[in-house]
Amino acid sequence: MDLIRVAKVDRLRLKWAGKDNGERIGTLHLTTHHLIFTAPGLELWLGYPMIHSAVLVRPPRLQQRRDTTTFDDWVTATALPPPPVGGEDASSYCESENSSGSSGKLAAWALEGSIKIRCHHFLFLTLRCEEVRQLYDIFATMKHLACVPSVDRLYAFSHREEIEEGAWTWGLYNPYEEYARMGVGSASGAGQFWRFTDINRGFALCPTYPPTLVVPAKISDTTLTYAAKYRSKCRLPVLCYLHPNQASMTRSSQPMVGLKQARSVQDEKLIEAILASSEPQGSAPRFNYDRNNIIIDARPTTNAVVNRAVGAGSENMEHYKRCRKVYLGIDNIHVMRDALNKVVDAIESTGDDSDRGVVVRIQGAKTNWLRHIENILVGVKTIVQAIDVGHHVVVHCSDGWDRTAQLTSLAQLCLDPYYRTIKGFAVLIEKEWVSFGHQFTLRCGHMGHPDRFKVSRAQAKRRVPQASADGVGATPPVTTAPLDEESGSDRAEDANSGSGYDFLQTSTSMFGRFASKALRGVQSRISSAIQAASDNLDDLDDPDPFLADYPDLQPNYVPASNANGKQHQSSNSSSSISSSGGNANSNSHGGGFKFGRSKHDHETSPVFQQFLECVYQLWVQHPTMFEFNEELLLDLFYHLHSAQFGTFMGNNMRERAAASYSQNTASIWTWVWRRIANDEDKYLNPLFGKDEQQQQQRVIVPDPSFIQYWSALFSCHDPTLKAKTEVDTAKTVDSNIWATASASPSSSAT
């Protein structure tokens, strides 16, 4: 509670960007885990992990002051009296007679400042209040509670779900049961060529793999130990799916080839055993092996080649027989993050509520978001078609936990009808994403990033000189727009087009392309520094009397060190979870607060969101083949960022075991099961099984040429709210957001 500078703010003004609803006047409550805004007819809960970024727009410099009124008198003046009962519109209240006098001038000046919030689920809010001190307190509190030093400070470690008999829990996915369902371990069929191994018990072999693995039966654990050393992060090739036609799908990370073209005999034997797993020993191959089996490298060819410089790379096919290699050209996490940011900018800036208007804006911004979705589905189609005809597929990208998880999970969704059921879909996510080490905390940024909470200065309107009687000297009014903190990199990138770096951008050489990116990054940083310096110079002319009291909000602020002079470390280590709910740094206050993170903001990326979008595309293309509906996907996306459940937290099973996630947090599937128990049709697709002819087809094939914009996802879906039953027709609001909650979001502590 020491981090909450203000717990309640009355007469707060809230506006939802993109909707013509005007401002709403209400009360803001700041709790340990949520922002809660209440006003007549609406209630909005916002968990701090849902906040992607925020900008504190300080009021403009004071241009006019009365000689009889000092600035200190303005600061200490009384704020505006409360508005009339009935939720009067903010604009009319601001212009009322109550806004006269020095206190009215102070409130009017304060209202020129604001807090602009962007949320992960595409909600854009603007907060304003009549006291500048409260505005700073709200922003400082929000920043401190959104940027936590360890994962045990997140909502999931306070939230509890009631577990009823038969409910889905952390044990929903059992590797022995799931692989046995595929036939692994059977005395006949394809399963006889595979075996379970506990070589990774205690995460001794690979820290990011599950303890139980499935490998070819004729490969010993000793060979596995040497083969793992040849793969990045020791993520050696292991089975993730076995098709009834005996074709297999395995996943791994990139080989450590390097510039010297290193090789591993053990890795080659492992791959060969995988590709020959469907033939009994000594029998003739079923195929002539004219490279029908495939090694899938999800990366662009250039990326794979460049990785050789850091000791990695891609397979040298001279040493891997019976297969061919295919590059899919799926871009890395940084490109995907930039594409999503452009989509968000297009959505936020559009004033058209229709889907058509948003799509036009997205296409005009050249985000390439849908093209990335198309590229992923092209790779999935390649894998599905190969396995469907009996060929083996090995899939990897760089480290094997982002693009690899997308491809393997989507391919299994197409190949196995079980994964297209609600329970099977949950098992698939647990298997391919949770157990195989997708970095949820790192990719989603659950612990927050102080760099995303920025401070800028609103620009005041320039005074217009009075024109003479003949009109000479008159100039049109000029208003400078508020600083857009998130568009700096885009402006710098556009400026480079004529900055003398054209020879680098147009160069076809690998050096030219990478040098161009590096120069763009440097120029972006320089532009940001110049803007910050300019802002500080404005304060020298007219000092900000409030910012000095908030050193942790100032640029380049370095948190104070603890008694040992060391910064707090992230809970990504195997340290035990603290039972104390207090401040992580007992001797820190305000500026001394520690933001413990193991990685930087540039490691976040919408990897799992893209997976859900691809599932949506498959759902649209094959509407009768999925038991679940769109709402399940939307709810999963919301709780991907809510940090309410431990399922979508942590970076691997080793971290979850060290922090005892199964004992200290609830599973998302318990929440899903309860909603199904309360309403059987909640996630049920009414078209499921209606087409008997399609039901006879086990395999579905994606159509990359048929991609739709997922309107519901980018329209701010919030499962904690329900549609309003009574809405003032004079001020109609969107029921997806402005909804009256029947209760708080199932919390035992807010």
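**Figure 1. The largest cavity in this predicted model has a volume of about 220 Å³.** Of the 22 residues in its lining, the ones closest to the centre are His120, Leu340, Ser605, Pro606 and His641. Searching the whole structure turns up eight cavities of 30 Å³ or more. How do you spot a hole like this? Rolling a probe the size of a water molecule over the atoms shows where empty space is left.

**Figure 2. Here's what the wall of the largest cavity is made of.** Five elements each chip in at least two lining residues: strand β6 (114–119) and the helices α9 (333–349), α14 (440–444), α18 (607–621) and α19 (630–642). Which of them gives the most? That's α9, with four residues. Sort the lining by residue type and you get ten nonpolar, eight polar and four charged residues.

**Figure 3. Thr404 sits in helix α12, which covers residues 403–415.** Is Thr404 buried or exposed? Its relative accessible area is 0%, so Thr404 counts as buried. Look for the polar atom of the Thr404 side chain that lies 3.0 Å from the backbone nitrogen of Cys397. Cys397 also shows up among the residues that Thr404 touches, along with Arg251, Ser252, Val395 and His396 (residues up to four places away in sequence are not counted).

**Figure 4. Ser277 is found in the loop between α7 (265–275) and β12 (293–297).** Don't let the word "loop" fool you: with a relative accessible area of 4%, Ser277 is buried. A polar atom of its side chain lies 2.9 Å from the backbone oxygen of Ile274. Which residues does Ser277 contact once its neighbours within four places in sequence are left aside? They are Phe193, Trp194, Ser248 and His392. Now find Gln246: Ser277 and Gln246 are 31 residues apart in sequence, and their C-alpha atoms are 8.1 Å apart in space.

**Figure 5. Lys233 and Ala643 each have a positive phi, though neither is a glycine.** For Lys233, phi is near 60°. Lys233 lies in the loop between α6 (221–228) and β10 (238–242), and its relative accessible area of 45% makes Lys233 partly exposed. For Ala643, phi is near 55°. Ala643 belongs to the loop between α19 and α20 (653–658). Is Ala643 buried or exposed? With a relative accessible area of 1%, Ala643 is buried.

**Figure 6. How many disulfides does the model have?** The count comes to zero. Take Cys234 as a case: the nearest cysteine sulfur belongs to Cys206 and is 6.1 Å away, while a disulfide needs two cysteine sulfur atoms within 2.5 Å. Cys234 is therefore in no disulfide. As for surroundings, Cys234 is partly exposed, with a relative accessible area of 26%. Cys129, at 1% relative accessibility, counts as buried.

**Figure 7. Stepping back, the protein chain has 23 helices and 15 strands.** What share of the 750 residues is buried? Buried residues make up 53% of them. Among the contacts with a separation of 6 or more, 75% are between residues 24 or more positions apart.

Conventions:
Residues are numbered from 1 along each chain as its sequence is written. This is a predicted model: local features need pLDDT of at least 70, side-chain atom pairs count only at pLDDT 80 or more; totals for chains, interfaces and linings use all residues. Side-chain values use heavy atoms; hydrogens and water are left out. On a 1 Å grid over the protein atoms alone, a cavity is a set of points where a 1.4 Å probe fits but cannot get out, and a pocket is an open set with protein on both sides within 12 Å along at least five of seven lines; lining residues have an atom within 4 Å of a point. Grid points are joined across faces, edges and corners, and a volume is the space filled by probe spheres set on the points. Ala, Val, Leu, Ile, Met, Phe, Trp, Tyr, Cys and Pro count as nonpolar, Asp, Glu, Lys and Arg as charged, and the others, Gly among them, as polar. Buried means under 20% relative accessible area, exposed over 50%, partly exposed in between (1.4 Å probe, protein chains only). A polar contact is a pair of N or O atoms within 3.5 Å; within protein, one must be able to donate a hydrogen and the other to accept it, and residues adjacent in sequence count only if both atoms are side-chain atoms. Contact means heavy atoms within 4.5 Å.
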